[in-house]
Amino acid sequence: MADSNIKSLEAKCYCGSVHFTIDIPTAKLPLATHLCHCSICRYQSGAPAVFHTELPDDVEPRYIAPSSPVNLTTYVGEGRTSSWQFCSTCGCHIATVGIQPDRLGRIVMSTSIFKEGGPENFKISRHIYTDSTGDGGIASMLTSIGGREIEVWNPPEGDAGATKAIPDKKPDIDDPDRLRAECYCGGVSFTIQRPTHEALNDEFMSTFVSPLDRTKWLGTLDACDDCRLVTGTHVIGWTFVPLKVCEPAIASDLLIGTAKTYVSSPGVLRSFCGTCGATVFYSCDDRHVGLDSQVVDVAVGILQAREGSMAESWLTWRSRLGAEGSGRRYDNEFTEALVEGSKKWVIERCGKELTFTIG
């Protein structure tokens, strides 16, 4: 007979190579969950923030065959206190695991990969490391969720944790016409140009240029289930650029540097860093109208705009959340807050809603 005092929660990445359950005492539910906005998490996930909860003592994943821990890639950045784990096949972020003596083996799990990820199991109560975004990131949109005010925590000024969350900027970020995109380990690194004369005058490519400022590209937040399960986060930010404005040149196979690719559905190719796990590109046949005008989605979490994580000097953000229906089905409370918060955030900046369709 099942123990009524224990609840089994099932987690699975998009491709299913990582598939497990955890057994949680019901008295400990919902698990306290935070959004980490530090640059390390953003550059290792490609997302605006990661959704994390620390598992209680003695709770460990129980893998469901044929899945096993061998399907994970583990990355430990220089000077880090925990390892970063992601699916070796689809790139989905799974967890961080403590590697220092005082935290050895402690598991901080992505909540976004659980089948039942709503507030009954995972209660979002805190933003951390928002200062490292430079502009507040999506924490500026999410001041409350489900009527609860969300606490914001940052380490004291001068604390070692306050600085190590912000990697060094690249020298070429000073070029006003070049934006560096780079994962945390640096294995995938390229620059993006502003809309070129050719892009502005091309019927297809010009549809991805900001309708308000022709020196900017479009940006959107996306809550679709596929993206959630290949990034391991509730929401990801995308911008859309022609491959031909990227330097060095990137072929349509998206294999630059340490990138690995994964076909998530017919006609859809995604890429992530095979070393640190950051989501990098999304490509689909509908935007591959020719070698000279192929447009790809670039994960905004790896952009290194000097003003901050939302890269507002480069992007005009849509006020409408992509795949809102998927987000509501998964976690309606969080999605409702993001829908309203992102709309307000855009209106404050642009004076109106921007609900444009992205081709």
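These are my notebook entries on a predicted model of one protein chain.

**Entry 1: the whole chain**

I started with the overall picture. The protein chain has five helices and 23 strands. I then looked up its dimensions, and along the principal axes the C-alpha trace spans about 65 × 40 × 40 Å. How does the radius of gyration sit against that of a compact globule? For 359 residues the globule value would be near 21 Å, and the protein chain has 20 Å, so the two agree.

Next I checked burial and contacts. I found that 56% of the 359 residues count as buried. Among contacts with a separation of 6 or more, 64% are between residues 24 or more positions apart.

**Entry 2: the annotated domain**

I looked for a record to go with the coordinates. UniProt, in an unreviewed entry, lists residues 9-151 as "domain: CENP-V/GFA". Over that stretch I read 5% helix and 39% strand. The end C-alpha atoms of residues 9-151 are 26 Å apart.

**Entry 3: arginine 103**

I picked arginine 103, which sits in the loop between strand 8 (93-98) and strand 9 (107-110). Is arginine 103 buried, partly exposed or exposed? Its relative accessibility is 31%, so I put it down as partly exposed; the partly exposed class runs between 20% and 50%.

I then asked what arginine 103 touches. Beyond its neighbours within four places in sequence, its contacts are Glu54, Gly98 and Val108. With glutamate 54 there is a polar contact, side chain to side chain, at 2.9 Å. I also took one long reading: phenylalanine 334 is 231 residues away along the chain, and its C-alpha atom is 30 Å from that of arginine 103.

**Entry 4: the loop between strand 10 and strand 11**

I spent a while on this loop, which joins strand 10 (122-128) to strand 11 (144-145) and holds tyrosine 129. Tyrosine 129 caught my eye with a positive phi of about 55°, though it is not a glycine. Most residues other than glycine have a negative phi, so a positive value is worth a note. Tyrosine 129 has 19% relative accessibility and therefore counts as buried, the limit being under 20%.

Threonine 130 is in this loop too. I have it as buried, because its relative accessibility is 9%. Which side chain does the side chain of threonine 130 meet in a polar contact? That partner is asparagine 154, at 2.9 Å. Leaving out neighbours within four places in sequence, I listed the contacts of threonine 130 as His37, Gly136, Ala139, Val152, Trp153 and Asn154.

Glycine 136, one of those contacts, lies in the loop between strand 10 and strand 11 as well. At 17% relative accessibility, glycine 136 is also counted as buried. From glycine 136 to histidine 234 I read 18 Å, C-alpha to C-alpha, for a sequence separation of 98 residues.

**Entry 5: aspartate 58**

Where does aspartate 58 lie? I found it in the loop between strand 4 (50-54) and strand 5. Aspartate 58 is another residue other than glycine with a positive phi, here near 70°. Its relative accessible area is 81%, so aspartate 58 is exposed.

**Entry 6: cis peptide bonds**

Most peptide bonds are trans, so I noted the cis ones I came across. Alanine 65 and proline 66 are joined by a cis bond, with omega about 10°. Proline 66 falls in the loop between strand 5 (62-63) and strand 6 (72-75).

Another cis bond runs from glutamate 247 to proline 248, and there omega is near 0°. Proline 248 is placed in the loop between strand 18 (246-247) and strand 19 (259-265).

**Entry 7: helix 5**

I finished with helix 5, which covers residues 324-350. How far apart are its end C-alpha atoms? I read only 21 Å for these 27 residues, short of the 39 Å that a straight helix would reach at 1.5 Å a residue. I then looked for a bend, and helix 5 turns by about 135° at aspartate 331. After helix 5 comes glycine 351, with a positive phi near 80°.

Technical notes
Residues are numbered from 1 along each chain as its sequence is written. Side-chain values use heavy atoms; hydrogens and water are left out. Helices (H or I, at least four residues) and strands (E, at least two) are DSSP runs, numbered from the N terminus. The expected span of a helix is 1.5 Å times one less than its number of residues. The bend at a residue is the angle between axes fitted to the seven residues ending there and the seven starting there. UniProt positions are given in the numbering used here, feature names are shortened, and annotations may be inferred rather than shown by experiment. Buried means under 20% relative accessible area, exposed over 50%, partly exposed in between (1.4 Å probe, protein chains only). Contact means heavy atoms within 4.5 Å. A polar contact is a pair of N or O atoms within 3.5 Å; within protein, one must be able to donate a hydrogen and the other to accept it, and residues adjacent in sequence count only if both atoms are side-chain atoms. The radius of gyration is taken over C-alpha atoms; the globule rule is 2.2 Å times the number of residues to the power 0.38.
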